[in-house]
Amino acid sequence: MSDYQAPMRDMQFLLHEVFDAENLWSTMPAVAELIDKDTADAILSEGAKLTSAVIAPLNRNSDEQGATWTNGDVTTPDGFAQAYQLYCEGGWGALSGDPEHGGMGMPKMLQSFVEEMTQSASISFALYPMLTAGASLALSAHASNEMKQTYLENMYSGKWAGTMCLTEPHAGSDLGIMTAKAQALDDGSFALSGTKIFITGGEQDLTENIIHLVLAKIPGAPEGPRGISMFVVPKFLLNDDGSLGARNTVTCGSIEHKMGIKGSATCVMNFDGAKGFLVGEQNKGLNYMFTMMNYERLGMGIQGVGAAETSYQQAAEYASERIQGRSATGAQSPDKKADSIIVHPDVRKMLLTMRSLNEGGRCFSTYVAKQLDIVKFSDDNQAKQNAEQLVALLTPVAKAFMTDMAFESCGLGQMVFGGHGYVREWGQEQLVRDVRIAQIYEGTNGIQALDLLGRKVVANKGQFFQLYFDEITAFIDKNAENEALNNFVQPLAGALAKLKAVTELILTEQSRDKNMVGASATDYLAAFGLVSYSYMWALMAEKATAQATEDFYQAKLYVGDFFIARILPRIDGHIAAIEAGSKSLMTMPEGLFNYNH
Ligand SMILES: Cc1cc2nc3c(=O)[nH]c(=O)nc-3n(C[C@H](O)[C@H](O)[C@H](O)COP(=O)(O)OP(=O)(O)OC[C@H]3O[C@@H](n4cnc5c(N)ncnc54)[C@H](O)[C@@H]3O)c2cc1C
């Protein structure tokens, strides 16, 4: 079985053709001087080498060996420290960091591909730099200049890592009920106490310091989410000259034994009066943390596509080599005892489902990354405001729909291997175990769906939705006479109209039925995701139809046709479920859920 190869051609197609990145970048002064097509391609090609040659080969052992805990110290799997060193020396941790503090200032559209490659190679490995990048982003957006100067450069260089400490044993989805306390000290710092659980990379042996971003409550703060502040709590305190000083009183009590991503240390972190420094203003911590969480949420979607890409590459190769049964239309390889399983419609359906979801997902994450770049780098205030609203609307879709589809893809990849997918040898079962977490952490996909429908659609009476709807409608109108795109544009228009109608239904019904939003949310997110992927497929087809003589573009159109014919119709099931309302969910008495009653 061949190793992972980054899908360079597809990434270049999205960057240069579908989203015309160079043109966009040329309108952004902060980016225009940094990057052009050749630089972007060179970065992608270096990323492809590092991830396939250095990181991917560590993935299997990282699952078998796992991260280990001894007396508060964590050892990462063999090879992680050396690979991490190479990752840092290559400047990958600084790629999209703030240039004023040692970052390279590259656009997210480019970085998202490097993230995908790293996730494809090894989710366990990728999580360490990913959390650091997210923590750096939150500090860069919300910390004082002095704090940025103290921490960012060493975090971009990878010398220090970052974490995100939110979850407590009794406070997961509902962070408002957290109990971690931050007591003000005379010198302006705070003493933090409490226990945080499930902290990714809370302890490890890759970096010389770890900068924990911790959410806690200052005594007297308002109840609930509005009383949460954010603190920087370094593992090692810093001396006045910036060198490492005393060990802070934050320790790793244990690590979790879990279903997958075994090479990623998931830590219980105990804060025993640990010295911490307030980031920004008191009680705004949850807002600040959303900067990091939104970054991580798109990253989770990309993580899903990364794993599903690896699964697809292996499944496609296996399917053409494995011979079982004969084609329904007569032997395709009469010289052999059987045909390759790729002749069977059901095997093709599995492979095409995977590929259409993966390529649709990659296009969607690039689209969201483009909006993030407009927010960050554009000079045009209207464009910035629109992009901000699209990011708010689409982030929960990217997190939840992309990871749901990725889990489906990895399950199908495993199925292509038959029984060989269930045993250790081929790596498929590891991908299924590893990718499952992406649906759960960073806010479960159920919570993402509530965020989409409750906060991003209903709360603003569909205003953000209308913006996205108008953009897709403009695309449909522009291509109404384009016969080559008929297969894409007509079904997209139909699906968009259905989504619009069901959005209006929910907007009306929710004032009558208080459970309507909760009862509809996951189906709504799925319908929204299907429309979004259809839009992405139409954007890709628009470019591919113009050059359909090359294999690459032909394959795009075949896979796109499959998506529209066989995946998009799922939208009708989701809409029917929403239309059924909340009654069938809410009428059974609570006691009857437990069989012992
Ligand atoms: C491997 C791993 C790594 C992690 N890394 C980190 C990390 O680095 N930092 C960090 O802070 N946390 C981390 N987490 C924690 C993770 O983000 C939480 O586990 C997740 O957000 C869910 O919280 P919970 O486990 O408390 O589940 P709960 O909140 O108890 O949820 C249980 C179920 O109830 C549902 N539910 C809860 N509330 C509602 C509601 N209001 N409406 C509808 N449904 C609801 C949920 O969707 C879920 O299905 C990690 C977790 C794991 C397993």
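Which hand does the crossing of α1 and α7 have, left-handed or right-handed? The exercises below work towards this and other points.

This is a predicted model, in which local features need pLDDT of at least 70, side-chain atom pairs count only at pLDDT 80 or more, and totals for chains, interfaces and linings use all residues. Residues are numbered from 1 along each chain as its sequence is written, and side-chain values use heavy atoms, with hydrogens and water left out.

**Exercise 1. Describe how α1 packs on α7.**

Step 1. Two packed helices are described by the angle between their axes and the distance between the axes. Helices (H or I, at least four residues) and strands (E, at least two) are DSSP runs, numbered from the N terminus. Axes are lines fitted to C-alpha atoms, for helices over the stretch in contact, and angles run from 0 to 180 degrees between N-to-C directions.

Step 2. Helix α1 covers residues 8-18 and helix α7 covers residues 108-121. Their axes come within 11 Å and cross at roughly 160 degrees.

Step 3. Name the arrangement. Angles under 35 degrees count as roughly parallel, over 145 as roughly antiparallel, 65 to 115 as roughly perpendicular and the rest as oblique. So α1 and α7 are roughly antiparallel.

Step 4. Find the hand. A crossing is left-handed if the near helix is turned anticlockwise from the far one by less than a right angle, and right-handed if clockwise. The crossing of α1 and α7 is right-handed.

Step 5. List the contacts (heavy atoms within 4.5 Å). Met8, Met11, Leu14 and Leu15 in α1 meet Met109, Leu110, Phe113, Glu116 and Met117 in α7. By class, this contact has 8 nonpolar, no polar and 1 charged residues. Here Ala, Val, Leu, Ile, Met, Phe, Trp, Tyr, Cys and Pro count as nonpolar, Asp, Glu, Lys and Arg as charged, and the others, Gly among them, as polar.

**Exercise 2. Describe two further helix pairs, α4 with α6 and α12 with α16.**

Step 1. Helix α4 (residues 37-55) and α6 have axes that come within 11 Å and cross at roughly 170 degrees. The two are therefore roughly antiparallel.

Step 2. In α4, Leu50, Val54 and Ile55 meet Ala83, Leu86 and Tyr87 of α6. The contact of α4 with α6 holds 6 nonpolar, no polar and no charged residues.

Step 3. The axes of α12 and α16 (residues 463-478) come within 9 Å and cross at roughly 105 degrees. So α12 and α16 are roughly perpendicular.

Step 4. Among the residues in this contact are Leu390 and Leu393 from α12, and Phe464 and Tyr468 from α16. The classes are 8 nonpolar, 3 polar and 1 charged.

**Exercise 3. Locate the largest cavity and the largest pocket.**

Step 1. Rolling a probe the size of a water molecule over the atoms shows where empty space is left. On a 1 Å grid over the protein atoms alone, a cavity is a set of points where a 1.4 Å probe fits but cannot get out, and a pocket is an open set with protein on both sides within 12 Å along at least five of seven lines; lining residues have an atom within 4 Å of a point. Grid points are joined across faces, edges and corners, and a volume is the space filled by probe spheres set on the points.

Step 2. The whole structure has 5 cavities of 30 Å³ or more. The largest cavity holds about 230 Å³. It is lined by 21 residues, and Tyr87, Trp92, Pro129, Met130 and Ala133 are the closest to its centre. The lining divides into 13 nonpolar, 7 polar and 1 charged.

Step 3. The largest pocket has about 1,100 Å³. Its lining counts 39 residues, with Thr167, Ile440, Tyr441, Glu442 and Gly443 nearest the centre. By class, they are 19 nonpolar, 10 polar and 10 charged.
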